[in-house]
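Biologist: I'd like to learn how to read a protein–DNA model with you. Could we go through it one feature at a time?

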2 protein chains.
Amino acid sequence: MSLIARSPKNLGHAIREARKAAGLSQGELAARSGLWQETISKVENGHAGTKLETVFELLAALDLELVARARSKGSASDFEDLF
Amino acid sequence: MSLIARSPKNLGHAIREARKAAGLSQGELAARSGLWQETISKVENGHAGTKLETVFELLAALDLELVARARSKGSASDFEDLF
DNA sequence: ACATTTTATGATCTATGGATCATAATATGA
DNA sequence: TCATATTATGATCCATAGATCATAAAATGT
């Protein structure tokens with residue numbers, strides 16, 4: 001599974017999906033990432049002000065990485081928070 | 001060109017490469033993204049505290065998107081800031 | 001080497017992130 | 001339905017991001 005992100009909301013959604021796929025609760029992910037459950041809640045809900053550092057800590061705990069690439073045409077459903 | 005990022009530094013590097021590939025100076029990118037040249041300098045240099053919002057504004061101005069995916073094995077040279 | 005970009009640094013100010021605790025709202029499962 | 005687990009919200013505090021201006025340092029071109 002790989003999810004496209006063009007906004008904090010997309011990325012938060014991707015993180016939530018990955019966390020669920022790993023069978024973890026926000027609390028468990030908090031424990032393994034060194035962050036707080038409350039913070040993870042905000043990130044997953046697409047808080048725009050989240051720090052990059054925080055996002056990468058979460059990605060590392062979920063064994064994910066990001067790839068920056070030219071935008072694809074992409075189907076509308078891939079970017080549900082655009083509308 | 002698509003660049004793997006596991007840290008703010010990787011991502012900053014990717015943004016710098018994309019900007020150069022587009023033939024833009026930080027000042028020009030600042031103008032088209034609504035940010036400041038100084039801010040872009042910090043982001044490209046991997047400032048960990050950068051806000052997600054800021055990163056996505058830059059990515060949008062460069063017509064880039066992110067993909068979150070499971071970590072690949074990856075050759076060491078892809079993550080030069082790890083050492 | 002020199003003039004001209006371009007990029008980095010530094011200071012100030014205001015806004016806000018995340019740690020932290022408490023708790024409310026939801027979801028889940030028996 | 002009810003008890004329990006999970007997620008969201010809200011407040012406080014401290015640190016720091018980004019806007020903004022000024023300027024230093026570095027890179028580029030001829």
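Biologist: How many nonpolar, polar and charged residues does the surface near DNA strand C have, by class?

Modeller: Happy to start there, and please keep in mind that this is a predicted model. The surface near DNA strand C has two nonpolar, 10 polar and six charged residues. In total, 18 residues surround the strand, and the closest are W36(A), T39(A), K51(A), Q26(B) and S41(B). Of the atoms of DNA strand C that come within 4 Å of the protein, 73% belong to sugar and phosphate.

Biologist: Which helices each supply at least two residues of that surface near DNA strand C?

Modeller: They are helix 3 (37-44) of chain A, along with helix 1 (8-21) and helix 3 (37-44) of chain B.

Biologist: What lies 2.5 Å from a phosphate oxygen of DNA strand C?

Modeller: That is a polar backbone atom of Q26(B). The backbone also takes part at K51(A), where an N or O atom sits 2.8 Å from a phosphate oxygen of the strand. For W36(A), look at the side chain instead: one of its N or O atoms is 3.0 Å from a phosphate oxygen of DNA strand C.

Biologist: Now the other strand, please. Which residues are closest to DNA strand D?

Modeller: Q26(A), S41(A), W36(B), E38(B) and T39(B) are the closest, among 18 residues that surround DNA strand D. Here sugar and phosphate make up 72% of the strand's atoms that come within 4 Å of the protein. By class, this surface has two nonpolar, 10 polar and six charged residues. Helix 1 and helix 3 of chain A, and helix 3 of chain B, each supply at least two of its residues.

Biologist: Which side chains have an N or O atom placed by a phosphate oxygen of DNA strand D?

Modeller: R19(A) is one of them, at 2.9 Å, and H47(B) is another, at 3.0 Å. K51(B) uses a backbone N or O atom, which lies 2.9 Å from a phosphate oxygen of DNA strand D.

Biologist: Let's turn to the helices. How should I read a pair that packs together?

Modeller: Two packed helices are described by the angle between their axes and the distance between the axes. Take helix 1 and helix 3 of chain B: their axes come within 7 Å and cross at roughly 125 degrees. The two helices are therefore oblique to each other.

Biologist: Which residues meet where helix 1 of chain B touches helix 3 of chain B?

Modeller: From helix 1 of chain B come G12(B), H13(B), I15(B), R16(B) and R19(B), which meet S41(B), V43(B) and E44(B) of helix 3 of chain B. Sorted by class, this contact has two nonpolar, three polar and three charged residues.

Biologist: And the sheet? In what order do its strands come?

Modeller: The general idea is that strands of a sheet pair through backbone hydrogen bonds, either parallel or antiparallel. In this model, four strands form an open sheet in the order 1(A)-2(B)-2(A)-1(B), with antiparallel pairing. Strand 1 (3-5) of chain A and strand 1 (3-5) of chain B stand at the edges with a single partner strand each, so one side of each has no neighbour in the sheet. On average, neighbouring strands of the sheet are turned by 30 degrees against each other, direction ignored.

Biologist: How many bridges join strand 2 of chain A to strand 1 of chain B?

Modeller: Three bridges join strand 2 (residues 64-70) of chain A to strand 1 of chain B. In strand 1 of chain B, L3(B) stands opposite A68(A). Helix 1 (residues 8-21) of chain A packs on the sheet, touching strand 1 and strand 2 of chain A as well as strand 2 (64-70) of chain B.

Notes
Residues are numbered from 1 along each chain as its sequence is written. Chains are lettered from A and ligands numbered from 1 in the order in which they are written. This is a predicted model: local features need pLDDT of at least 70, side-chain atom pairs count only at pLDDT 80 or more; totals for chains, interfaces and linings use all residues. Side-chain values use heavy atoms; hydrogens and water are left out. A residue is near a molecule or strand if one of its heavy atoms lies within 4 Å of it. A polar contact is a pair of N or O atoms within 3.5 Å; within protein, one must be able to donate a hydrogen and the other to accept it, and residues adjacent in sequence count only if both atoms are side-chain atoms. Ala, Val, Leu, Ile, Met, Phe, Trp, Tyr, Cys and Pro count as nonpolar, Asp, Glu, Lys and Arg as charged, and the others, Gly among them, as polar. Axes are lines fitted to C-alpha atoms, for helices over the stretch in contact, and angles run from 0 to 180 degrees between N-to-C directions. Angles under 35 degrees count as roughly parallel, over 145 as roughly antiparallel, 65 to 115 as roughly perpendicular and the rest as oblique. Contact means heavy atoms within 4.5 Å. Two strands pair if DSSP finds at least two bridges between them.
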